[in-house]
Amino acid sequence: MSGRRPFVLCLTGSLGMGKSTAAKFFAEEGVPVHDSDAVVHALYEGEAVPLVEAAFPGSTTAGKIDRTKLAPMVVNNPSALARLEAIVHPLVAAARQRFLAAAQARGDRIVVLDIPLLFETGGECGCDAVVVVSAPAEVQRRRAFERPGMTDEKFFALVAKQVPDEEKRRRADFVVDSAQGFDHARGQIRDILQVVAKMPPRQQ
């Protein structure tokens, strides 16, 4: 491993706030982005499959974890969910460490960790700065209901599991307002990168 450790910018935001679009804009600016959701998706088709099947028999189909089978096994079952997280979270953390090591070896100055449940899991302790993507509640709801299969019950259940947007904004170092269009969001992200380039890392 060579070079100094990159500045770790963590990106988060509640359901329907536009976090995935913001992650894409960071990537367009040349910043390496680690997508936790994409890592979990890959694990559910690879490394995690035998481990999850052993813990939750019948949760796989054709060599992949079948979310429609797994979900009923863990929903409203805190001990089962904790068992699943004990399998998946260390694998995600290992993938993140490999990403950071590769970024340091390349000499990248800044990286983005896209972590949907950053505050909910206490993940902010590993960040040099946190970016929260936010939008008014009516915009959030409209975007959420553009997703297939969204219902009032599902929407409120998902939101209830997340730290409130107001609290996330309060704890953020930077807030991206995603309600004013793509160009405005891109401008905010460029401004954040200019500021971050001059900031010392918190983590050593």
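The exercises below deal with a sheet, the helices on it and some single residues of one predicted model.

In this predicted model, local features need pLDDT of at least 70 and side-chain atom pairs count only at pLDDT 80 or more, while totals for chains, interfaces and linings use all residues. Residues are numbered from 1 along each chain as its sequence is written, and side-chain values use heavy atoms, with hydrogens and water left out.

**Exercise 1.** Find the order of the strands in the open sheet and name its edge strands.

Solution.
- Terms: helices (H or I, at least four residues) and strands (E, at least two) are DSSP runs, numbered from the N terminus. Two strands pair if DSSP finds at least two bridges between them.
- Order: the 5 strands run β2-β5-β1-β6-β7, with parallel pairing.
- Edges: β2 (33-35) and β7 (174-177) each pair on one side only.
- Twist: on average, neighbouring strands of the sheet are turned by 25 degrees against each other, direction ignored.
- One pair in detail: strand β6 (residues 129-134) is joined to β7 by 4 bridges. S134 has D177 in β7 as its bridge partner.

**Exercise 2.** Determine which strands helices α1 and α5 meet, and at what angles they run.

Solution.
- Terms: contact means heavy atoms within 4.5 Å. Axes are lines fitted to C-alpha atoms, for helices over the stretch in contact, and angles run from 0 to 180 degrees between N-to-C directions.
- Helix α1 (residues 19-28) packs on the sheet and touches β1 (7-12), β2, β5 (110-114) and β6. The direction of α1 makes about 150 degrees with that of β1.
- Helix α5 lies across β1, β2 and β5, and runs at about 165 degrees to β5.

**Exercise 3.** Describe the phi angle, place and exposure of A62 and of N76.

Solution.
- Background: most residues other than glycine have a negative phi.
- A62 is not a glycine, yet has a positive phi of about 55 degrees. A62 sits in the loop between β3 (60-61) and β4 (64-65).
- N76, also not a glycine, has a positive phi near 60 degrees. N76 lies in the loop between α4 (67-74) and α5 (78-106).
- Exposure: buried means under 20% relative accessible area, exposed over 50%, partly exposed in between (1.4 Å probe, protein chains only). A62 has 76% relative accessibility and so counts as exposed. N76 is exposed, at 77%.

**Exercise 4.** Locate K154 and state how far K154 is from L193.

Solution.
- K154 is in helix α7 (residues 152-160).
- K154 is partly exposed, with a relative accessible area of 43%.
- K154 and L193 are 39 residues apart in sequence and 35 Å apart in space, C-alpha to C-alpha.
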